[in-house]
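Reader: I've just opened a new structure and would like some help reading it. Where should we begin?

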Amino acid sequence: MLFTKMELKSKNKEYLKLAIILGILFLILGGFLLYVSIPLLSTKTAVLATQPVDPFDLVRGQYIIIRYEIDSIPLIEGAEVGNNVYVSLTEDLDGISRYKSASLDKPSKDELFIRGQIKSIYGKNMGVEYGIEQYFFERGASFEANDMEVKVKLSDNGGARIVELLQDGEPVKIIYENKTLTS
Amino acid sequence: MARNEEEVELKQHVSFGAVVATIGSILIALGIAWLIALNWSDIPSALKILILVVATAGAYTAGVLFRTNDYEKIGGSLLVLGALLYTLSIFLIAQTFNLATSLQANAFLLLLAWIGILFASYIFDSSPSLIISLAEFLVWISLQYFSFVELFRGDFSVGILTIIYLVVGVGLYGLTQIHKSQDHKFAEVYRYWTAFYVLLLTYILSFQSFLPMLWPKGFELTANVLVFLIIISLVAIILSIVGIFMSVSKNKLSGKEVIGFIGVVFLYILLISLASLVSGESVFRGSISGGLWVMWLFGNILFILVILSVIGYGTRYQSAKIVNLAIMFFALDIITRYIGFVLDFGGQVGFAVMSIFGGIILIVGGWGIEKWRRNLIEKTKEKSQQDYAIY
């Protein structure tokens, strides 16, 4: 099939547009991927104590909501809902990282700390979320969610990502359903 | 004449094929969304992301190949598939990294999605892609407001939501004018969405039970919502001023339309503001105040006026889609008001009697609406043919 010069030029223009838009979309996706992976590249880890419940997200699937021991911490003076808060952690004898202190200012890099956002203030306490309150897993799968701990990685500025769920120091055993076309 | 008919027939077939292909694209995206929700542990997360990213690139590439081989509409459907797969890729990454499920987190994901698709729409000059972007924008802007309320434990105010929709409507009107002045085909898409926002806003304002909720008692505007409102308002005002200026300078917009547009915006602001007078009032039968009745009547008269104006607007710009949209909202209004009357005045026997009479009225009304709709579309077509005859 013979193409005229005009047709070829127009086709090349379309392919150029394709390359540009794929470049832009991959840049956004890549940037997003990098942004969410930063804490995982860190060497700092902490194991946090939990109290979980499980719902379902229409787009993202089944997940458990994890409530952490450090979700409720003593109120800091001058703290307001929406503020970022840095919670310093200290490891106990069982290797669980627990609340040590909290500050509105970022602690030094040597300290083990996690960054959260103040969601509520009640009495002398405040409710804090760390962005690691959910763990997605295969639909229909099940596991014992009691007495669970969560291993997280922490970036230099306190951002956290879940690495795995633990029970007595071992990864949680998830029981999967056999999938068929009719399941 | 025969050739003309053949062309029309061919165009209809092409359009039917595009509709089928678009439904196919949406079905594929739905299937993939469901697969993501199943979250199979057998497939490593990295591979899942890679598959979706490659599928996105594949859909866009196939779309371009179809477009360059004279299958413009089918190519457009594949670009829609690409846009949906790109959106799903973002949600899959969020799932893989166990990102928050809060409204703010989902709003952020949608922001990344609609901006990317908007770029694609302009680069490919693709109206279907722009429609996906605008649909995601609607969900994003609503979620963003809800997330501010959730995050800062502020009062939820329907009034702020209606102001946001009004501001977006003004911005979209500006974009319509900018594109119209450039004879760009996106003008039609923006015009449709302007009409959609205006109708949606009026529909919300037509509910008696919503009016006292517009400004709840003791409502305080949080700083974040205020900043958000200021930013989107500034963008909308700049877009509308630039758009109107561009269209008027090219003689593509009459002074009458500009005055009409400003008048409608003014009426909305008046209604939304006046609703503060009935703040927190009871909406239960027997305890509704005269003020609330007057306000509700004003809202409903405005709704009917807006529907008629949108029909006139659609007829003026020969857009059957806009006429259909206005008729759809009219039908929605009739059904909503009917249900409202049944709830307000009906006991059990009353409900039965009103259901039967109401049903008959709706069937006759439905027939009337359909006839009216066909007449309007026929007139729109006739006008369009007359315009072509001039050339």
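Author: Let's go through the interface, then one chain, then the domains. This is a predicted model, where local features need pLDDT of at least 70 and side-chain atom pairs count only at pLDDT 80 or more, while totals for chains, interfaces and linings use all residues. Residues are numbered from 1 along each chain as its sequence is written, and chains are lettered from A and ligands numbered from 1 in the order in which they are written.

Reader: How many residues does each chain bring to the contact?

Author: Interface size is often given as the accessible area lost when the parts come together. Here we can count residues: 36 from chain A and 36 from chain B, with contact meaning C-beta atoms, placed from the backbone, within 7 Å.

Reader: Which element of chain A gives the most to the side that touches chain B?

Author: Helices (H or I, at least four residues) and strands (E, at least two) are DSSP runs, numbered from the N terminus. H1(A) gives the most, with 15 residues.

Reader: And what is chain B made of?

Author: Chain B has 12 helices and zero strands. Of its 391 residues, 37% are buried, meaning 20 or more other C-beta atoms, placed from the backbone, lie within 10 Å of a residue's own.

Reader: Where do the domains of chain A fall?

Author: Domain bounds come from an automatic or database domain assignment. In chain A, domain 1 spans 1-41 and domain 2 spans 42-171. Their C-alpha centres lie 38 Å apart, and four residues of domain 1 of chain A are in contact with seven of domain 2 of chain A.

How values were computed: Contact = placed C-beta atoms within 7 Å. Buried ≥ 20, exposed ≤ 12 C-beta atoms within 10 Å, placed from the backbone.
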